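Here are some short exercises to work through with the model open beside you. Try each task on your own before you read its solution.

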Amino acid sequence: MDAIPLALDGYLTAEAVPGEQDHTACWRMTCSPTDRLVDDAVIPCTSQDPRVVHAVVTECRPGDLLRVTGHLTLPDAAGEGLRFQADTLEILFEAPELGGPENDEATDTALEQADRNAAIAALADALTGFAGQPGPETSIRVHISPTGILGTGLEHCHSIDITPARAHQLADQADAMSCFLDSRHPDAGTVLDPETVAELSAVYEDIDLVDLTGTVLTSTLPEHRPKVTQAIDDMFGDAPGPEEPE
(Lines give C-alpha, C1' and ligand atoms only; values in the text may rest on other atoms or scores of the structure.)
Protein backbone atom coordinates (compact mmCIF):
# COMPACT_ATOMS: atom_id res chain seq x y z
CA MET A 1 0.00 0.00 0.00
CA ASP A 2 1.30 3.48 -0.86
CA ALA A 3 2.61 5.64 1.97
CA ILE A 4 0.46 8.64 2.89
CA PRO A 5 2.18 12.04 3.42
CA LEU A 6 1.23 13.26 6.90
CA ALA A 7 2.14 15.66 9.70
CA LEU A 8 1.52 14.58 13.30
CA ASP A 9 1.53 16.43 16.61
CA GLY A 10 1.83 14.23 19.68
CA TYR A 11 3.52 13.55 22.99
CA LEU A 12 6.56 11.30 23.23
CA THR A 13 5.40 8.37 25.37
CA ALA A 14 8.84 6.91 26.20
CA GLU A 15 12.46 7.40 25.30
CA ALA A 16 13.41 6.52 21.74
CA VAL A 17 15.31 3.27 21.17
CA PRO A 18 17.73 2.26 18.38
CA GLY A 19 16.08 0.67 15.35
CA GLU A 20 16.84 -2.70 13.85
CA GLN A 21 19.18 -1.07 11.33
CA ASP A 22 22.18 1.10 12.16
CA HIS A 23 21.64 4.85 12.51
CA THR A 24 17.86 4.51 12.90
CA ALA A 25 15.54 5.13 15.84
CA CYS A 26 12.07 4.03 16.93
CA TRP A 27 9.66 5.77 19.28
CA ARG A 28 5.95 6.15 20.04
CA MET A 29 3.78 9.26 20.10
CA THR A 30 0.37 9.73 21.67
CA CYS A 31 -1.70 11.80 19.27
CA SER A 32 -5.00 13.42 20.30
CA PRO A 33 -7.16 14.47 17.34
CA THR A 34 -9.89 15.57 19.79
CA ASP A 35 -10.22 16.34 23.48
CA ARG A 36 -11.75 12.94 24.15
CA LEU A 37 -9.49 10.28 25.66
CA VAL A 38 -11.13 7.57 23.60
CA ASP A 39 -9.85 9.24 20.42
CA ASP A 40 -6.20 9.16 21.55
CA ALA A 41 -3.96 6.99 19.39
CA VAL A 42 -0.42 5.73 19.94
CA ILE A 43 1.52 5.89 16.68
CA PRO A 44 4.77 3.91 16.26
CA CYS A 45 7.39 6.03 14.52
CA THR A 46 10.74 5.31 12.90
CA SER A 47 13.31 7.41 11.09
CA GLN A 48 16.43 6.93 9.04
CA ASP A 49 17.23 10.62 8.79
CA PRO A 50 20.39 11.33 10.88
CA ARG A 51 19.07 14.71 12.06
CA VAL A 52 15.79 13.23 13.27
CA VAL A 53 17.53 10.27 14.90
CA HIS A 54 19.98 12.54 16.73
CA ALA A 55 17.22 14.88 17.90
CA VAL A 56 14.81 12.23 19.17
CA VAL A 57 17.57 10.28 20.96
CA THR A 58 19.59 13.13 22.50
CA GLU A 59 17.21 16.11 22.78
CA CYS A 60 13.75 14.65 23.44
CA ARG A 61 12.37 13.08 26.59
CA PRO A 62 9.03 11.53 27.52
CA GLY A 63 6.30 14.16 27.73
CA ASP A 64 7.71 16.45 25.04
CA LEU A 65 5.18 17.64 22.46
CA LEU A 66 6.58 16.87 19.02
CA ARG A 67 5.61 17.65 15.45
CA VAL A 68 6.82 15.15 12.88
CA THR A 69 6.28 15.05 9.15
CA GLY A 70 6.73 12.03 6.95
CA HIS A 71 4.78 9.16 5.49
CA LEU A 72 2.25 6.83 7.12
CA THR A 73 2.15 3.24 5.90
CA LEU A 74 -1.13 1.44 6.53
CA PRO A 75 -1.14 -2.33 7.23
CA ASP A 76 -1.57 -4.57 4.21
CA ALA A 77 -3.39 -7.26 6.19
CA ALA A 78 -5.38 -7.64 9.40
CA GLY A 79 -3.21 -8.00 12.47
CA GLU A 80 -0.34 -5.91 11.09
CA GLY A 81 0.43 -2.51 12.54
CA LEU A 82 0.73 0.85 10.87
CA ARG A 83 4.09 2.60 10.79
CA PHE A 84 5.05 6.26 10.45
CA GLN A 85 8.37 7.08 8.77
CA ALA A 86 9.49 10.50 10.01
CA ASP A 87 11.48 12.83 7.77
CA THR A 88 11.50 15.92 10.04
CA LEU A 89 11.03 16.51 13.75
CA GLU A 90 10.27 19.68 15.71
CA ILE A 91 9.91 20.07 19.49
CA LEU A 92 6.82 22.23 20.05
CA PHE A 93 6.87 22.06 23.84
CA GLU A 94 9.43 20.64 26.24
CA ALA A 95 8.14 18.77 29.25
CA PRO A 96 9.14 20.70 32.41
CA GLU A 97 12.11 19.35 34.30
CA LEU A 98 11.22 18.25 37.79
CA GLY A 99 13.69 19.40 40.42
CA GLY A 100 14.06 19.80 44.15
CA PRO A 101 13.57 17.26 46.95
CA GLU A 102 9.77 17.37 46.70
CA ASN A 103 9.80 16.50 43.02
CA ASP A 104 12.44 13.74 43.09
CA GLU A 105 9.80 11.14 43.87
CA ALA A 106 7.59 12.42 41.05
CA THR A 107 10.57 12.18 38.66
CA ASP A 108 11.25 8.60 39.70
CA THR A 109 7.57 7.74 39.27
CA ALA A 110 7.48 9.26 35.78
CA LEU A 111 10.57 7.31 34.76
CA GLU A 112 9.13 4.08 36.18
CA GLN A 113 5.89 4.63 34.30
CA ALA A 114 7.75 5.36 31.07
CA ASP A 115 9.78 2.17 31.49
CA ARG A 116 6.62 0.23 32.34
CA ASN A 117 4.81 1.56 29.28
CA ALA A 118 7.75 0.72 27.03
CA ALA A 119 7.81 -2.81 28.48
CA ILE A 120 4.05 -3.22 27.89
CA ALA A 121 4.42 -2.03 24.30
CA ALA A 122 7.34 -4.42 23.67
CA LEU A 123 5.43 -7.36 25.15
CA ALA A 124 2.29 -6.51 23.18
CA ASP A 125 4.27 -6.26 19.92
CA ALA A 126 5.96 -9.60 20.60
CA LEU A 127 2.69 -11.37 21.41
CA THR A 128 0.97 -9.86 18.39
CA GLY A 129 3.68 -11.19 16.13
CA PHE A 130 3.59 -14.57 17.89
CA ALA A 131 -0.20 -14.82 17.54
CA GLY A 132 -0.09 -14.34 13.77
CA GLN A 133 -3.13 -13.72 11.65
CA PRO A 134 -6.48 -13.99 13.50
CA GLY A 135 -8.76 -16.83 12.44
CA PRO A 136 -11.73 -18.93 13.58
CA GLU A 137 -9.54 -20.83 16.07
CA THR A 138 -8.35 -17.73 17.96
CA SER A 139 -10.52 -18.46 20.99
CA ILE A 140 -8.19 -17.17 23.74
CA ARG A 141 -7.73 -13.47 24.52
CA VAL A 142 -4.71 -12.13 26.40
CA HIS A 143 -5.07 -8.72 28.06
CA ILE A 144 -2.07 -6.55 28.93
CA SER A 145 -2.45 -3.30 30.84
CA PRO A 146 -0.95 -1.30 33.70
CA THR A 147 -2.00 -2.45 37.15
CA GLY A 148 -4.33 -0.42 39.33
CA ILE A 149 -7.36 1.64 38.39
CA LEU A 150 -7.27 2.64 34.74
CA GLY A 151 -7.40 6.34 34.08
CA THR A 152 -5.25 8.08 31.52
CA GLY A 153 -3.40 4.84 30.76
CA LEU A 154 -5.98 3.39 28.41
CA GLU A 155 -3.62 3.81 25.46
CA HIS A 156 -1.35 1.26 27.12
CA CYS A 157 -4.00 -1.48 27.17
CA HIS A 158 -3.72 -4.29 24.64
CA SER A 159 -5.79 -7.36 23.77
CA ILE A 160 -4.25 -10.14 21.70
CA ASP A 161 -6.25 -13.12 20.40
CA ILE A 162 -4.41 -16.43 20.08
CA THR A 163 -5.26 -20.04 19.30
CA PRO A 164 -5.15 -22.79 21.96
CA ALA A 165 -2.14 -24.28 20.17
CA ARG A 166 -0.30 -20.97 20.43
CA ALA A 167 -1.28 -20.74 24.10
CA HIS A 168 0.28 -24.17 24.76
CA GLN A 169 3.45 -23.08 22.96
CA LEU A 170 3.57 -19.87 24.99
CA ALA A 171 3.10 -21.81 28.24
CA ASP A 172 5.90 -24.24 27.28
CA GLN A 173 8.26 -21.38 26.50
CA ALA A 174 7.41 -19.64 29.78
CA ASP A 175 8.12 -22.88 31.70
CA ALA A 176 11.42 -23.33 29.86
CA MET A 177 12.43 -19.74 30.55
CA SER A 178 11.53 -20.15 34.22
CA CYS A 179 13.66 -23.30 34.50
CA PHE A 180 16.55 -21.53 32.77
CA LEU A 181 16.35 -18.53 35.08
CA ASP A 182 16.19 -20.80 38.13
CA SER A 183 19.31 -22.60 36.94
CA ARG A 184 21.11 -19.29 36.39
CA HIS A 185 20.06 -17.93 39.78
CA PRO A 186 20.02 -20.76 42.34
CA ASP A 187 18.83 -20.11 45.85
CA ALA A 188 21.76 -18.43 47.58
CA GLY A 189 20.61 -19.78 50.94
CA THR A 190 21.00 -23.43 49.90
CA VAL A 191 24.55 -24.60 50.67
CA LEU A 192 25.43 -28.28 50.96
CA ASP A 193 27.47 -29.35 53.96
CA PRO A 194 31.01 -30.48 52.93
CA GLU A 195 30.43 -33.87 54.58
CA THR A 196 27.24 -34.33 52.53
CA VAL A 197 29.15 -33.52 49.34
CA ALA A 198 31.81 -36.07 50.27
CA GLU A 199 29.19 -38.73 50.99
CA LEU A 200 27.43 -38.11 47.66
CA SER A 201 30.74 -38.27 45.81
CA ALA A 202 31.55 -41.59 47.49
CA VAL A 203 28.16 -43.01 46.48
CA TYR A 204 28.64 -42.10 42.82
CA GLU A 205 32.21 -43.38 42.79
CA ASP A 206 31.02 -46.78 44.06
CA ILE A 207 28.46 -47.18 41.25
CA ASP A 208 29.43 -50.01 38.90
CA LEU A 209 27.94 -49.17 35.50
CA VAL A 210 28.19 -52.78 34.31
CA ASP A 211 26.36 -53.99 37.39
CA LEU A 212 23.78 -51.22 37.09
CA THR A 213 23.16 -52.00 33.41
CA GLY A 214 22.67 -55.69 34.15
CA THR A 215 20.28 -55.04 37.00
CA VAL A 216 18.17 -52.63 34.95
CA LEU A 217 17.99 -54.90 31.91
CA THR A 218 17.12 -57.91 34.05
CA SER A 219 14.09 -56.13 35.44
CA THR A 220 13.02 -54.80 32.04
CA LEU A 221 10.61 -56.57 29.72
CA PRO A 222 12.35 -57.88 26.56
CA GLU A 223 10.34 -55.64 24.23
CA HIS A 224 11.43 -52.55 26.19
CA ARG A 225 15.14 -53.41 26.47
CA PRO A 226 16.31 -51.60 23.28
CA LYS A 227 14.84 -48.30 24.45
CA VAL A 228 16.17 -48.77 27.98
CA THR A 229 19.63 -49.61 26.63
CA GLN A 230 19.55 -46.46 24.50
CA ALA A 231 18.50 -44.39 27.53
CA ILE A 232 21.40 -45.77 29.58
CA ASP A 233 23.83 -45.03 26.76
CA ASP A 234 22.47 -41.49 26.53
CA MET A 235 22.94 -41.00 30.27
CA PHE A 236 26.33 -42.64 30.88
CA GLY A 237 27.83 -42.91 27.41
CA ASP A 238 28.66 -46.12 25.59
CA ALA A 239 29.63 -47.96 28.75
CA PRO A 240 30.33 -51.72 28.41
CA GLY A 241 27.50 -53.88 29.69
CA PRO A 242 26.74 -57.55 30.29
CA GLU A 243 25.15 -59.75 27.72
CA GLU A 244 21.43 -59.10 27.51
CA PRO A 245 19.60 -61.59 29.79
CA GLU A 246 17.24 -64.13 28.31
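**Exercise 1. Placing Arg225**

Which helix does Arg225 lie in? Then decide whether Arg225 is buried or exposed, and find what its side chain reaches.

Solution. Keep in mind that this is a predicted model.
- Step one: find the element. Arg225 lies in helix H6, which covers residues 225-236.
- Step two: check the cover. The relative accessible area of Arg225 is 5%, and buried means under 20%, so Arg225 is buried.
- Step three: look for a polar partner. The side chain of Arg225 reaches the backbone oxygen of Thr220 at 3.0 Å.

**Exercise 2. A threonine in a loop**

Describe the surroundings of Thr138: where is it, and which residues does it touch, leaving aside neighbours within four places in sequence?

Solution.
- Step one: Thr138 sits in the loop between helix H2 (101-131) and strand E7 (140-144).
- Step two: its relative accessibility is 18%, which is under the 20% cut-off, so Thr138 counts as buried despite being in a loop.
- Step three: a polar atom of the Thr138 side chain lies 2.6 Å from the backbone oxygen of Gly135.
- Step four: once neighbours within four places in sequence are set aside, Thr138 is in contact with Asp161, Ile162 and Thr163.

**Exercise 3. Helix H4 and its nonpolar patch**

Check the length of helix H4, then work out which residues make the nonpolar surface patch.

Solution.
- Step one: H4 has 12 residues, 194-205, and at 1.5 Å a residue they should span 16 Å. The end C-alpha atoms are 16 Å apart, so the model agrees with the expected span.
- Step two: count the buried residues of H4. The count is zero, and the helix is hardly covered.
- Step three: Leu200, Val203, Tyr204, Ile207 and Leu212 make a nonpolar surface patch of about 470 Å². H4 gives the most to this patch, with three residues; Val203 is found in H4.
- Step four: recall a general rule. Because an α-helix has 3.6 residues a turn, residues three or four places apart point the same way.

**Exercise 4. The whole chain**

How many helices and strands are there in the protein, and what percentage of its residues count as buried?

Solution.
- Step one: there are six helices and eight strands. From the N terminus on, they run β-β-β-β-α-β-β-α-β-β-α-α-α-α.
- Step two: of the 246 residues, 22% count as buried.
- Step three: the protein exposes about 17200 Å², and carbon and sulfur atoms supply 56% of that area.

Notes:
Residues are numbered from 1 along each chain as its sequence is written. This is a predicted model: local features need pLDDT of at least 70, side-chain atom pairs count only at pLDDT 80 or more; totals for chains, interfaces and linings use all residues. Side-chain values use heavy atoms; hydrogens and water are left out. Helices (H or I, at least four residues) and strands (E, at least two) are DSSP runs, numbered from the N terminus. Buried means under 20% relative accessible area, exposed over 50%, partly exposed in between (1.4 Å probe, protein chains only). A polar contact is a pair of N or O atoms within 3.5 Å; within protein, one must be able to donate a hydrogen and the other to accept it, and residues adjacent in sequence count only if both atoms are side-chain atoms. Contact means heavy atoms within 4.5 Å. The expected span of a helix is 1.5 Å times one less than its number of residues. Patches are made of residues with over 30% relative accessible area and no salt bridge: like charges are joined within 9 Å, nonpolar side chains (Val, Leu, Ile, Met, Phe, Trp, Tyr) within 5 Å. Accessible areas come from the Shrake-Rupley method with a 1.4 Å probe; for residues, only the protein chains shown count as cover. A salt bridge is a side-chain nitrogen of Lys or Arg within 4 Å of a carboxyl oxygen of Asp or Glu.
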